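Q: Hey, have you got a minute to go through this one with me? I'd like to start with the ligand site and then move on to the fold.

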Amino acid sequence: MRRFEYYKPLSLEEAWELKAKIPDSLFIAGGTDVLVSIKNNERQPQALISLRSIPGLVGVETSDATQIGALTTISDIIQHQELGRRYPVLVEAAQSLGSMQIRNLATIGGNLCNASPCADMALPLLVLEATVRLQSPKENREVPISEFFKGPAETCLSPHEILTGILLEPPQKNTKTCFVKKGRVKMDLAVASVAVLLEMEGKRCRKARIAAGSVAPIPLRLSQVEALFEGAAISRRAVARAQRLAEDNIIPITDIRSTEEYRRQIIGVLVKRALEKALDWSQP
Ligand SMILES: Cc1cc2nc3c(=O)[nH]c(=O)nc-3n(C[C@H](O)[C@H](O)[C@H](O)COP(=O)(O)OP(=O)(O)OC[C@H]3O[C@@H](n4cnc5c(N)ncnc54)[C@H](O)[C@@H]3O)c2cc1C
């Protein structure tokens, strides 16, 4: 492993100064992606700038809306009872991420900024229509999460920008959600994954949000599948149609985890399973 310098700034300003002084540097949060990529020689930065000692980037605030600091660990998200009550789909996804040791280090911001198509935290945040807060010396901006991912390992972040927080609207009444993930083994990155959010009004679906992971260059909203349900009663026939439509509206690849064909097939199954679980339908 190539040697690198390590800095622990105590403020955002200090972090930006370091970044300007050492352009060939990387921000590091929990390090569970960065250090693996350095060890595998995929990246060789001159320096790592840790964000962990900067105050205000850790923790969850739930008043009307919810704010999650970017440096909040996955374990802290799982343990936050109010977060689980408001957004169970976020906690379900967090519980499926890595091992306990990884969850104790890995941060929600790191998961998003790493921009893997299989990032587990991306899917619940897509269906919850989260907003991300990005800060740089020049500006502070809030971006809908649907505009954050640009490609594998690519986001809309400029080199100096730091993701500081994630904002969520208060949950709506009668909202049903579910997250499902298929890995090769129990603790694994997703071969494919799905998050579903359905806002119901009696038997009618007022709003449907469905997102899929590992089946396109970015974590993907399945808008055509969502359109099947909005303003309609959800029938078993519609769910079967959603299964087929999901298979046709992804851009999977073959890699070490799976083949393109399997991903196409499994995504339909996961969409069906997630919808049925969200609606609490017992098996026929
Ligand atoms: C054994 C193992 C199992 C794993 N299992 C899973 C899994 O099941 N599901 C899954 O989704 N992931 C998994 N991962 C990947 C990883 O743990 C997660 O993506 C994790 O959330 C990354 O967070 P981190 O804080 O460690 O990020 P880091 O490694 O510190 O950073 C990741 C990237 O984001 C940038 N970055 C981090 N924070 C910020 C910020 N606030 N602002 C700007 N840039 C930032 C860094 O520069 C880097 O490019 C696994 C990793 C390992 C090693």
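Q: So, how many residues surround the ligand, and which are the closest?
A: Happy to help! This is a predicted model. The ligand is surrounded by 30 residues, with Gly-30, Gly-98, Gly-110, Asn-111 and Cys-113 the closest.

Q: Which elements give two or more residues to that shell?
A: They are strands S2 (25–28) and S10 (162–168), together with helices H2 (34–39), H6 (100–105) and H7 (108–114). H7 gives the most, with five residues.

Q: And by class, what does the shell have?
A: There are 19 nonpolar residues, nine polar ones and two charged ones.

Q: Where does the ligand lie relative to the domains?
A: It lies between domain 1 (5–50) and domain 2 (60–167), because both give residues to the shell. The domain assignment also gives domain 3 (176–278).

Q: How far apart are the centres of domain 1 and domain 3?
A: Their C-alpha centres lie 35 Å apart.

Q: Switching to the fold: in what order do the strands of the S1-S3-S2 sheet pair, parallel or antiparallel?
A: The order is S1-S3-S2 in an open sheet of three strands, and the pairing is parallel. S1 (5–7) and S2 are the edge strands, each pairing on one side only. On average, neighbouring strands are turned by 25° against each other, direction ignored.

Q: How many bridges join S2 to S3?
A: Four, with S3 covering residues 47–50. Across that pair, Leu-26 stands opposite Leu-48 in S3.

Q: Nice. Which strands does helix H1 lie across?
A: H1 (residues 12–21) lies across S1, S2 and S3, and runs at about 170° to S3.

Note on methods
Residues numbered from 1 in each chain as written. Predicted model: local features only at pLDDT ≥ 70, side-chain atom pairs only at ≥ 80, totals over all residues. Near = placed C-beta within 6 Å. Nonpolar A, V, L, I, M, F, W, Y, C, P; charged D, E, K, R; others polar. Domains from an automatic or database assignment. Pairing = 2+ DSSP bridges. Axes fitted to C-alpha atoms, helices over the stretch in contact; angles between N-to-C directions. Contact = placed C-beta atoms within 7 Å.
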